[in-house]
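Good morning, and thank you for joining. I should like to take you through one protein model this morning, from the overall picture down to individual residues.

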Amino acid sequence: MTSSGRPVRRSPGGRQRRVLSAAVALVLAASLGASAPAAFAGDLEDQQAALKAEAARVQQSLEFVDAKISKAVGDLVIYRGQLPAAQQALLEAQGRVASAVKEVEALAARVDLAQQNKAKITQQLDADKQKIASTKKLIGQIATQAYKSGGVPSDLTLFFGSNNTGSLTDTMDMADQALRSQNSAMDKLTQQNATNVNSQARLQAVEAEIRDLKAKADAALAKEKAARDEAADKKAKVDKLIADTTRLNNELEAARPGIQKKLAGVKARQDAVAAEIKERDRRLREAWLAEQRRIAAAAAAAAKAKGEQPPPYVPPVTGPPSAFGLRHPFPGSVPITSGFGWRATPPGTIDFYGAGGYMHTGIDFGAACGTPVYAAAAGEVFSAGWADDGGGNNVKISHGVVQGNSLTTIYYHNTSVVVSPGQQVSQGQLIAYSGTTGNSTGCHSHFETWLNGEAVDPMRLL
């Protein structure tokens, strides 16, 4: 919920133009090229409460200026406050995409290397099988010839490639060589079988590695897609924040002539209200003083008629403001959301007043729309209904003079009022229902107390 307030009332003219010039300059300063008004730690989600509170504070600082402008500037605070974190989130998301791409590429390279290794092992296995088959064939031929020749091959050309036969000694030597060749072939077969078994084991390991790498690659691809989707979502948020900020800047710039006209009009009407209250209270106090003098004169005349010395006239001493005995216009369960006093313009926002802030001349109650509003004290209603001073449906009550002090209370932004000008009301009487009329961006009630023609902190009187 946002709340409202009234600016310090000063005469229009040159200062008004300076206010508007400063406002426009700060509107332009809120463009994309300007830095964020505040840095909020944590990610975007953690900033929402702080940003909303800052926006509410900004809207409060623009009370009685323009509800639409107040809302726009509050939104601008949120958008600009969210943008740095959104941009950082986008950078982080893009970093995760880059990491995922590198992981996918690394796994793809490992899969490719493993595939090459598998091809080499498969090629080696094929060569080993051919060697084994050739060796087995050779051994078979040796065994067959040995069997046919009674243990010694008759055709030694199988081993030596010659058709010539020699002496028995030569034959025996050749037979011995053949047997050694057979043994050598058997050893070679054993070695080739061992190599084959080892290659098969290596092939199984490589195939398992390929399956594992492919699973990891699939997971990395899914991770990359998720990272890209996240980055796209973050980028969309950044783009929207930039677009919204640009739109609000354009709207505020386009609204500048209307703001200038409305500021001047509201200021003039508020000055008129302040002047009316001041003059009314002056007349009431003068009438009260005249009555005190009349009473004193009557007492002096009575004393003189009795032959007594009349006492000198002593002006009455002004009593404490608490003598009015004000009560809260709402039950105690309705909180006060904004107090009385100076409100500095939040950094980076629009200083419509050109003075670095303004005086909040009342207090705001966080009352929901439709909450009953009660008279703080007995008095006479001198204004009720709609007014063009930024307060919407309002009630203004004069509580007369008590112990030399005059008092007026004002109740702004009501949904409706149930009293009329000239009506006498008692303390605690229903006078209106709270709302968000006038230059207000949320349901609440703005309550003011004017003591002797000047706005004072209501908490001094309640």
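I shall begin with the chain as a whole, then turn to its strands, its cores and its disulfide.

Please keep in mind throughout that this is a predicted model. The protein chain contains 6 helices and 12 strands. It has 462 residues, and 40% of them count as buried. The accessible surface of the protein chain amounts to about 23,300 Å², with 56% of that area belonging to carbon and sulfur atoms. As for the contacts in the chain with a separation of 6 or more, 75% of them are between residues 24 or more positions apart.

Let us turn to the strands, with β8 as our reference. This strand covers residues 405–417, and 10 of its 13 residues are buried. Which strands pair with β8? One of them is β7, which pairs with β8 in the antiparallel sense over 7 bridges. β11 also pairs with β8 in the antiparallel sense, over 6 bridges. β10 is a further antiparallel partner of β8, over 3 bridges.

Individual residues let you find these pairings on the screen. Between β7 and β8, isoleucine 397 stands opposite threonine 409. These two strands form a hairpin with 2 residues between them, and in the turn glutamine 403 has a positive phi of about 55°. On the β11 side, threonine 408 stands opposite tryptophan 450. Towards β10, valine 417 has alanine 432 as its bridge partner. A general remark may help in reading such pairs: in a regular strand the side chains alternate between the two faces of the sheet.

Next, the nonpolar interior. The largest nonpolar core has 24 residues, and those with the most contacts inside it are Leu326, Val395, Ile397, Tyr411, Val425 and Ile431. At least two residues of this core come from each of β4, β7, β8, β10 and β11. A second, separate core has 7 residues, among them Ala274, Ile277, Phe382 and Trp450. Tryptophan 450 is thus a residue we have already met, as the one opposite threonine 408.

What does leucine 326 touch beyond its neighbours in sequence? Leaving out residues up to four places away, its contacts include Ala376, Ala377, Leu407, Thr409, Gln427 and Thr449. Leu461 and Leu462 are also touched by leucine 326.

Threonine 449 deserves a closer look. This residue is found in strand β11. Is it buried or exposed? Threonine 449 has a relative accessibility of 0%, so it counts as buried, the cut-off being under 20%. Again leaving out residues up to four places away in sequence, threonine 449 touches Leu326, Leu407, Thr408 and Thr409, and also Glu454, Ala455, Val456, Asp457, Pro458 and Leu461.

Histidine 446 lies in β11 as well. Histidine 446 is likewise buried, with a relative accessible area of 0%. Its side chain makes a polar contact, at 2.8 Å, with the side chain of glutamate 448.

I come finally to the disulfide. The structure holds 1 disulfide, which joins cysteine 369 to cysteine 443 with an S to S distance of 1.8 Å. Which parts of the chain does this pair tie together? Cysteine 369 is in the loop between β4 and β5, and cysteine 443 is in the loop between β10 and β11, so the disulfide links parts that are 74 residues apart in sequence. The torsion about the S-S bond is about -95°, and the disulfide is therefore left-handed.

How accessible are the two cysteines? Cysteine 369 is partly exposed, at a relative accessible area of 37%. Cysteine 443 is also partly exposed, at 25%.

The surroundings of cysteine 369 complete the picture. Not counting residues up to four places away in sequence, cysteine 369 touches Thr415, Ser434, Gly435, Thr436 and Cys443. The C-alpha atoms of cysteine 369 and glycine 442 are separated by 8.6 Å, although these residues are 73 residues apart along the chain.

To close, I would ask you to retain two points. β8 pairs in the antiparallel sense with β7, with β11 and with β10. The disulfide of cysteine 369 and cysteine 443 joins the loop between β4 and β5 to the loop between β10 and β11. Thank you for your attention.

Methods: Residues numbered from 1 in each chain as written. Predicted model: local features only at pLDDT ≥ 70, side-chain atom pairs only at ≥ 80, totals over all residues. Heavy atoms only, no water. Disulfide = S-S within 2.5 Å. Helix = DSSP H or I, 4+ residues; strand = E, 2+ residues; numbered from the N terminus. Buried < 20%, exposed > 50% of the residue type's maximum accessible area, 1.4 Å probe, protein only. Polar contact = N/O pair within 3.5 Å; in protein donor to acceptor, adjacent residues only side chain to side chain. Core = buried A, V, L, I, M, F, W, Y, C linked by side-chain atoms within 4.5 Å. Contact = heavy atoms within 4.5 Å. Pairing = 2+ DSSP bridges. Areas by Shrake-Rupley, 256 points an atom, 1.4 Å probe, with all protein chains shown as cover.
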